[in-house]
Amino acid sequence: MEKITDKIAALSNDANYFSLEFFPPKTQIGFSNLQTRLERMSSALRPLFVTVTWGAGGCTSSRSLELAEICQRQLGLTTCLHLTCTNMKRKVVDEALEEAKVLGVRNILALRGDPPREEEYRLEDEAENGKDEDDSNEDFTWAIDLVRYIRRVHGDYFCIGVAGYPEGHADQSHPTDQDPLHDLPYLIDKTKAGADFIMTQLFYDVEAYSKYEKMLREHESGIFAQIPIIPGLMPLQSYEILMRTTKLAHAKVPLELLHKLQGVKGDDEAVKQVGVEAIHDVVESIREVKAKGPRGFHFYTLNLEKAVSSLLDRCNLIPPDPDDNNVSAIDDVSILFNGNAAHHRALSSTSSSAAAQLTTNSHRSSSPARFIPPNSNPLSREATWDDFPNGRFGDARSPAFNPPLTYSPTSLTISPAQALSLWSTPTTPEEITHLFISHLAGQTPKQLPWSESATLSPETALITSELTQLTRLKGYWTIASQPAVDGLPSTHSIHGWGPPGGFVFQKAFVEFFVPASTFHTTLRPHLDRLRKEGEISYYAGNAAGEFQSSESSDAVHAVTWGSFAGKEIATATMVEEVSFRAWVEEAFGIWGEWGRCVGEAARRGRVEKARQSRGFLRRIGKDVWLVNVIGHGYREGGRLWEVLMEA
């Protein structure tokens, strides 16, 4: 039950320490596998403390507390629980803090979390008549509110950390106003309110961090003179995940690093190696600056272990084992890569192939997760079987499946004002259909609510005509897709991934929203006939939790795979029930987020239109089904689109 600041104070002034961040996995088997991973990592790496990210309500929050219990009670790790206050009622905060006490957790990282904020969503009449059914932000708006509340209610029981932004906090309401000086008054207030340490957002620009720390240490108030300032670093897992993360965090990638990565971006193993050296240089540069006490580093693991373990070893940050003077840090790291192969086989029937794409293009089509399979030595697989990024098309058994890359309680990656500008306030299905068709044509909107990029992927461009037909003629609103590929070189400019000399394959698939009446009366009977003939498989779900599928619950469909010299067949993209169900919940949540965003229209004098649109989007979100259809004939590139048009 130690406080982080007490543990830091117990170190010598010239000591180094590190901490690791984990998030609660979205699937139960991923959660179980994370516990095994944590046991290995805690034994081999010995972090000073760990942090557990907070879910935005419901079962996700419960999983955060469950993970904190594993770390604190079962593994004996000093644990820091993240707590975001955006959209949080006081009752939820009280329950979380009381549960933390029961678990023995005495450390809280108090975060605001990103928008939405209720005042940005509420329509004019709702503001006059009281808060609507979605309002849950009545007590906390800013992180300082949470810091003050914890101190007022719990005194000094908790050690409280707050966030720092070396490159400035780019609030989604004011995305262009990004300057550490702009944030400084708020950080001063949070520190005065009772913050015990500062942990920064991830960065790769060491010069920006050095200036930031210098600004704080030399501030005339003296308030930052002694407080621990812990820089946050994220080991590189893939080029795509780096681009996505830095975009969401508004963090710069130095040109020198970017150039190195662009030369190897199709090879995740090479990206990891470049990343280890780049972040090692960042760590060494920070170490050169005399610190006010022990120097710490915080690593965002994304629930993966190889990259962070290699980095910690490279930086010589792993402390010696106090119980065994004969075991070196390097020996301990080797534990992570020499586990029980039989245990790994029990975890994953796909062996070293459990990697996934991260859905980085604007149509969420399945550009694979650019990687090389892990070392083929079976003794290395326990720690590395899922070593590569696991997006929503990845292995749902992985602890790293579908990682949250921001602290936002919303699935949207833009502000309400930006959403309104892109998607306006539709009130008819025809208006939504027009948005999808315009998007596929490369016109406005460049980005849809279910996408993260403002450009269609080169892969999606190859099937734009087919997708447009499905949208225009069938009324299917497509949000994910990929064409079929039959043994193209791994160096192919559009479809290639992995090391040179390999060959890649893909089954075509498409994912779309369709009205319930169309799904039940027309589409599903047609798909069931095709399934009997072995042409397709499908999964479908709706907002109410209803689920239909052509497959058994344990079926797993490899839809992107590759063959590389000296490696097992590598599966980069998979579709299965457990991952689809997890995505259904998020996808339908986005309909609700879009609906709340139209409240911004009230500020522009379109209250009635906004009210109508919000109600319409809610109704649509409750009516439509999300359907994923896989065409098994990967040598018949156009067949999937033909059979869907026949429905």
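**Exercise 1.** In this predicted model, find which residues cysteine 71 is in contact with, leaving aside its neighbours within four places in sequence, and decide whether cysteine 71 is buried or exposed.

*Solution.* Start by locating the residue: cysteine 71 sits in helix α3, which covers residues 58-74. Next, skip the neighbours within four places in sequence and list what cysteine 71 still touches: Leu38, Val50, Val52, Gly76, Leu77 and Thr79. Now check the relative accessible area, which is 0% for cysteine 71. Buried means under 20%, so cysteine 71 counts as buried. One more distance to try: cysteine 71 and leucine 103 are 32 residues apart in sequence, and their C-alpha atoms are 9.9 Å apart in space.

**Exercise 2.** Work out the strand order of the five-stranded open sheet and explain why one side of β9 and of β14 is left without a neighbour.

*Solution.* Read across the sheet and you get β9-β12-β17-β13-β14, with antiparallel pairing. Look at the edges: β9 (477-482) and β14 (547-549) each have a single partner strand, so one side of each has no neighbour in the sheet. From one strand to the next, the twist averages 10 degrees. Then zoom in on β9: five bridges join this strand to β12 (residues 509-514), and the two run antiparallel. Across that pair, alanine 480 stands opposite glutamate 511 of β12.

**Exercise 3.** Find which strands helix α21 touches and which strands helix α22 lies across.

*Solution.* Take α21 (residues 516-532) to begin with: this helix packs on the sheet and touches β12, β13, β14 and β17, with its direction at about 155 degrees to that of β13. Move on to α22 (residues 577-597), which lies across β9, β12, β13, β14 and β17 and runs at about 45 degrees to β13.

Technical notes
Residues numbered from 1 in each chain as written. Predicted model: local features only at pLDDT ≥ 70, side-chain atom pairs only at ≥ 80, totals over all residues. Heavy atoms only, no water. Pairing = 2+ DSSP bridges. Helix = DSSP H or I, 4+ residues; strand = E, 2+ residues; numbered from the N terminus. Axes fitted to C-alpha atoms, helices over the stretch in contact; angles between N-to-C directions. Contact = heavy atoms within 4.5 Å. Buried < 20%, exposed > 50% of the residue type's maximum accessible area, 1.4 Å probe, protein only.
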